[in-house]
Amino acid sequence: MSKFADHLPLYRQSVIYAREGVELDRGLLADWVGAASSLLRPLVDAVRRHVMATTKLHADDTPIPGTGTRQWQDQNSQTVDVCPRRPAIGINRCPAVWFAYTPDRKGIHPQTHLAKFAGVLQADAYAGFNAIYATGRVQEAACWAHARRKFFDLHAARASPITTEALRRIGALYEIEASIRGKPPQVRQAVRQAQSRPLIDALESWLRASLLTLSRKSDTTAAILYALNLWPALTRYCDDGSIEIDNSAAERALRGIAIGRRNYLFAGSDNGGERAAAIYSLIGTAKLNGVDPAAWLRYVLTHIADHPVNQIDDFLPWNLASRLAIISAPKQ
């Protein structure tokens, strides 16, 4: 928890313990992390199975530098089930996040992770997903936040009438989403068809007309072409109320890694990267379900060695939530 939730690298923890008179070598702490992650591996596999059993996923990736000359990447580790048990989407699935560590950003990794997945995959424009979409069993849903960011960055650097208008038009789409947040899929779809679709059609026409006034090599042209090249995937959310307007679910799941990366700087080895992915999966899944990850992991580590491995789903956070609430309740 101190390393992967509070983002304290092991060498800092060793110093903190030493200050209190407890000598714990960093290597010993690393061994403890490794032993705990090995014990928890069946639970991580259960989270992965739960994530992959859905028909709607969010995916993203972020780099983790290694100690060698190459850069490690936990590619597609942000394969996130965003079908929470809440009326926002109306699907009775508990949310979960699964991280996978890989030594590079080659497309074969997400293609392997998602080899059996069928449904809607919401992600950025990473080329490694193209082979997955080409199979026909996975539909691409693009991210309006990424498309908006292209214009926002230009606007922040030097505002122009085109960037101002683009942000206004995209902002109107987000205002509609705010009004239907928490509604069932059929309601969201109906509102999007009636209100968002006309705005999107008008936006496409305006973008294409704007292209005619710009240099082919301008940054604004690049921002417009980014959106237009993804247009079918960007507009797919209007036809399916279970799809979100953007990929923010995956980006939120990455925040912990981004913070930790600034503190511990690198993954010391491939094994270290895999252990990090495993623990991030568990901590992230607990948080998505409103379960205290420290209390949950403490309970699991206490009982998992004596628990039948074919009943490992008993330890998933939504299956333990009520028991943990009783355990943590103040004594009368």
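Start with the lining of the second largest pocket: by class, it has 16 nonpolar, two polar and two charged residues. Keep in mind as you click around that this is a predicted model. The second largest pocket is lined by 20 residues, and its volume comes to about 540 Å³. To find the middle of it, select Met1, Ser2, Val33, Ala36 and Leu301, the lining residues that lie nearest its centre.

Now colour the helices around that pocket. Pick α1 (10-19), α2 (26-52), α11 (270-288) and α12 (293-303); each one supplies at least two residues of the lining. Which helix gives the most to the lining? That's α2, with six residues.

Next stop: helix α5, residues 144-157. Select its two end C-alpha atoms, and you'll find them 20 Å apart. The helix has 14 residues, and at 1.5 Å a residue they should span 20 Å, so the model agrees with what you'd expect. Then show the buried residues of α5, which are Trp144, Ala145, His146, Ala147, Phe151 and Leu154.

Stay on α5 and select arginine 149. Its relative accessibility is 34%, so arginine 149 counts as partly exposed. Where does its side chain lead? Add glutamate 251: the two side chains meet in a salt bridge, 3.3 Å from N to O. Glutamate 251 sits in helix α10 (residues 248-264), so this pair ties together parts that are 102 residues apart in sequence. Glutamate 251 is partly exposed too, with a relative accessible area of 23%.

That's one stop on a longer list, as the structure holds eight salt bridges. Side chains of opposite charge can pair when their charged atoms come close.

For another, select aspartate 239 and arginine 197, whose side chains meet at 3.1 Å, N to O. This pair also links distant parts of the chain: aspartate 239 is in the loop between α9 (231-235) and α10, while arginine 197 belongs to helix α7 (residues 185-211), 42 residues apart. Aspartate 239 has 43% relative accessibility, so put it down as partly exposed.

Finish in helix α6, residues 161-180. Select glutamate 165 and arginine 168, which form a salt bridge with their closest N and O atoms 2.7 Å apart. They are three residues apart in the helix, so about one helical turn separates them. Which residues make up the network of salt bridges here? Add Arg169 to your selection: Glu165, Arg168 and Arg169 are linked together in it.

Methods. Residues numbered from 1 in each chain as written. Predicted model: local features only at pLDDT ≥ 70, side-chain atom pairs only at ≥ 80, totals over all residues. Heavy atoms only, no water. Salt bridge = Lys/Arg side-chain N within 4 Å of Asp/Glu carboxyl O. Helix = DSSP H or I, 4+ residues; strand = E, 2+ residues; numbered from the N terminus. Buried < 20%, exposed > 50% of the residue type's maximum accessible area, 1.4 Å probe, protein only. Expected span 1.5 Å × (residues − 1). 1 Å grid on protein atoms, 1.4 Å probe; cavity = no way out; pocket = protein on both sides within 12 Å on 5 of 7 lines; lining within 4 Å. Points joined across faces, edges and corners; volume = space filled by probe spheres on them. Nonpolar A, V, L, I, M, F, W, Y, C, P; charged D, E, K, R; others polar.
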